[in-house]
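Me: Please take a close look at the pockets of this model and the residues that line them. A connected account, with the annotated site included, would suit my purpose.

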Amino acid sequence: MSTPSVTEEVRSALAENRPVVALESTILSHGLPPGRNREVAERLEGVVRAAGAVPATIAVLGGVPKIGLTPAELDRVCDPANDLVKLSRRDLGAAYALKRDGATTVASTAALAHAAGIGVFATGGLGGVHRGARETWDVSADLDVLATTPVLVVCSGVKSILDMGATLELLETRSVPVIGFGTDRFPAFYRRESAFGVPWRVDSARDAAAVVAAHRTVPGAAGVLLANPIPVDFEMDADLHDRLLAEGLELLRTRDVHGKEVTPVLLEHFHTASGGVSLDANEALVVSNAALAAAVAVELAA
């Protein structure tokens, strides 16, 4: 096993039971263009600190899991020349043994965060059940990890490329509570609402923390999903969204894209075909999620 490297800032916060928020690195290496990704990395850590928590961006560098990154390590993650591998939880052992550089997805970030003692994690969107999964069995590892890892994941729902209904059904089957933050509808990443409701709603970070704390007394090891809609000012226009989605689905079909390559290809299409609208939306929602996660982490620590 590769021993995690934890920054002194994160180590001290955990030892003193101060709030810490885990952040993934795949959004930086695969989800945003060069330059902007580094700016967003700094912005994410900044909003977590501003809310009174300590950020812990997670990645694997040289085969070593890093819990919290130095500025130089953030540069390394954000530099496209380094061509980081996209690492789900199943890929961690291989990356350790082969001493690879890799960016962590929701699944691997949640697993590493929990192993380090971090109970709150902010991301953009959760992976889920893909359309046509009845034939392909294409289901994100994010769901299984969330069902077996007692971490709070704050996200803006799932992308509309996925089968949202099946994703929510699977979360129910695996006993993962889905909580809407200020909403009765499950968010659809670029859109604030989908056709699906959420079973529970909270309207404050304090109430969210109370639910998480209570859930952690329930038998089992499932995490909690807190679904936070994209900020109103950055919600994508419905017609633009539907057009980009239809084009994206066709692109995936013609290129025969499956598995972990689906999201990067889809995001790239949204970014290039929306004239930057999706980039602004992506940044706004993940920053909002980081701020909310930090607020909840502060309440949990209190």
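Reply: The largest pocket of this predicted model has a volume of about 680 Å³. Its lining comprises 34 residues, and those nearest the centre are Lys86, Thr105, Ser140, Asp142 and Thr263. Four elements each contribute at least two residues to this lining: helix 2 (26-29), strand 5 (85-87), helix 8 (141-148) and helix 12 (262-273). Helix 12 gives the most, with three residues. By residue class, the lining of the largest pocket divides into 11 nonpolar, 15 polar and eight charged residues.

The second largest pocket has a volume of about 310 Å³. It is lined by 19 residues, and Ser29, His30, Gly31, Leu32 and Pro33 are the closest to its centre. Two or more lining residues come from each of helix 2, helix 4 (71-78) and helix 12. Here too, helix 12 gives the most, with four residues. The lining of the second largest pocket consists of 11 nonpolar, five polar and three charged residues. Helix 2 and helix 12 thus appear among the contributors to the largest pocket and also among those to the second largest pocket.

The annotated site may be considered next. In an unreviewed UniProt entry, the annotation "binding site" covers Asp138. Asp138 is placed in the loop between helix 7 (133-136) and helix 8; the latter helix is one of the elements that supply at least two residues to the lining of the largest pocket. Asp138 counts as buried because its relative accessibility is 16%, and the cut-off for that class is under 20%. Apart from neighbours within four places in sequence, Asp138 is in contact with Gly128, Val129, His130, Ala133, His258 and Gly259.

A further residue worth examining is Ser108, which belongs to helix 6 (residues 106-116). Ser108 has a relative accessibility of 0% and therefore counts as buried. Its side chain makes two approaches to backbone atoms: the side chain of Ser108 reaches the backbone oxygen of Leu87 at 2.6 Å, and the backbone nitrogen of Thr105 at 2.9 Å. Thr105 is itself one of the residues nearest the centre of the largest pocket. When neighbours within four places in sequence are set aside, the contacts of Ser108 are Leu87, Ser88, Arg89 and Leu92. Leu87 therefore figures in the contacts of Ser108, which counts as buried at 0% relative accessibility.

Key. Residues are numbered from 1 along each chain as its sequence is written. This is a predicted model: local features need pLDDT of at least 70, side-chain atom pairs count only at pLDDT 80 or more; totals for chains, interfaces and linings use all residues. Side-chain values use heavy atoms; hydrogens and water are left out. On a 1 Å grid over the protein atoms alone, a cavity is a set of points where a 1.4 Å probe fits but cannot get out, and a pocket is an open set with protein on both sides within 12 Å along at least five of seven lines; lining residues have an atom within 4 Å of a point. Grid points are joined across faces, edges and corners, and a volume is the space filled by probe spheres set on the points. Ala, Val, Leu, Ile, Met, Phe, Trp, Tyr, Cys and Pro count as nonpolar, Asp, Glu, Lys and Arg as charged, and the others, Gly among them, as polar. UniProt positions are given in the numbering used here, feature names are shortened, and annotations may be inferred rather than shown by experiment. Buried means under 20% relative accessible area, exposed over 50%, partly exposed in between (1.4 Å probe, protein chains only). Contact means heavy atoms within 4.5 Å. A polar contact is a pair of N or O atoms within 3.5 Å; within protein, one must be able to donate a hydrogen and the other to accept it, and residues adjacent in sequence count only if both atoms are side-chain atoms.
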